[in-house]
Amino acid sequence: MYLENDANKINHPKQLTRLNHSEILQNLRRELSNLQKQKVTEPGVLKMRVRNWLFFIEEGEPIVDIILDKGYSLSDIEANKSPRLADTNLSFDECTEVHKHFMESTVFDPFADAVSIRVGSPGSEPTLYDLEDFQASIGDVITVETWQKISGRSKFTMVLNEICVNKDSKVIVLVEGSHRFEVPIEEIKMAFVLPFHPASKSVKLAKDAARQKARQGALKKIK
């Protein structure tokens with residue numbers, strides 16, 4: 001139970017835990033499903049999914065970014081279509097309708113009033129969360145941050161080489177030269193695909209290009 005006092009609410013990314021993140025993501029997905037069961041104004045909302053959400057500081061202000069897209073199918077994955085090549089074009093009106101519904105729900109109750117809420121498309125640097133996102137990004141350069149250190153580090157920017165799935169775990173395999181890291185998906189705090197540029201000859205160039213993020217969406221502060 002979150003108290004009314006803002007001091008007891010989340011106001012900085014450092015306060016976020018893996019459990020917080022998972023619970024809020026599930027709540028966002030539930031609320032979007034509730035909206036889709038209603039009579040929506042924008043038909044495109046019916047195809048949307050909440051891909052992920054991020055909490056970060058931008059220009060000194062805490063921002064919650066809700067990442068939406070219009071999904072992609074198993075056939076897209078089998079055709080090696082990456083998430084960024086799926087239908088991620090969202091209109092301002094579609095984002096606004098979803099944003100308004102979220103703001104009228106209780107999903108953001110854990111956050112302090114000073115936190116701004118933004119919804120939009122994945123942009124040029126798609127975030128990965130579900131297994132299908134990672135499957136569709138095999139062979140791409142991705143940057144990953146983990147909740148706990150793995151082999152002494154918590155940040156990686158490497159090629160997503162393969163995914164190992166069994167009953168008990170789902171593990172992505174990151175490779176850079178002779179270095180190989182196995183990262184359980186449940187330990188991933190955030191992961192992004194870096195933009196693909198055929199002319200790029202190094203991870204550094206891909207990293208530089210990835211900084212040119214372009215997300216569209218509605219921005220509004222919690223009241």
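Q: Does α1 pass α3 in a left-handed or a right-handed crossing?
A: The model is predicted: local features need pLDDT of at least 70, side-chain atom pairs count only at pLDDT 80 or more, and totals for chains, interfaces and linings use all residues. Residues are numbered from 1 along each chain as its sequence is written, while side-chain values use heavy atoms and leave out hydrogens and water. Where α1 passes α3 (helices being DSSP runs of H or I with at least four residues, and strands runs of E with at least two), the crossing is right-handed.

Q: At what angle do α1 and α3 pack?
A: Helix α1 spans residues 18–36 and helix α3 residues 92–104, and their axes lie 10 Å apart. The angle at which they pack is about 115°. That makes α1, relative to α3, roughly perpendicular (65 to 115 degrees).

Q: Which residues of α3 make the contact with α1?
A: On the side of α1, the contact (heavy atoms within 4.5 Å) is made by Leu 28, Glu 31, Leu 32, Asn 34 and Leu 35. From α3 come Glu 97, Val 98, His 101 and Phe 102.

Q: Which strands are the edge strands of the open sheet?
A: Five strands form this open sheet, in the order β7-β6-β5-β4-β8, and the pairing (at least two DSSP bridges between strands) is antiparallel. Two of the strands pair on one side only, and these edge strands are β7 (179–184) and β8 (188–193).

Q: Which residue takes a positive phi in the hairpin of β6 and β7?
A: Strand β6, residues 170–176, pairs with β7 in the antiparallel sense over six bridges, and in β7 the bridge partner of Val 171 is Pro 184. The hairpin has two residues between the strands, and the positive phi, near 65°, belongs to Gly 177.

Q: How many residues apart in sequence are the parts tied together by Trp 53 and Phe 111?
A: Five aromatic pairs (ring centres within 6.5 Å) are found in a search of the whole structure. The rings of Trp 53 and Phe 111 have centres 5.7 Å apart and planes at 85°, so this pair is edge-to-face (over 60 degrees). Because Trp 53 lies in strand β1 (residues 49–58) and Phe 111 in the loop between α3 and β3 (116–120), the pair ties together parts whose separation in sequence is 58 residues.

Technical notes: Axes fitted to C-alpha atoms, helices over the stretch in contact; angles between N-to-C directions. Parallel < 35°, antiparallel > 145°, perpendicular 65-115°, else oblique. Left-handed = near helix turned anticlockwise from the far one by under 90°. Phe/Tyr/Trp six-rings, centres within 6.5 Å; stacked < 30°, edge-to-face > 60°.
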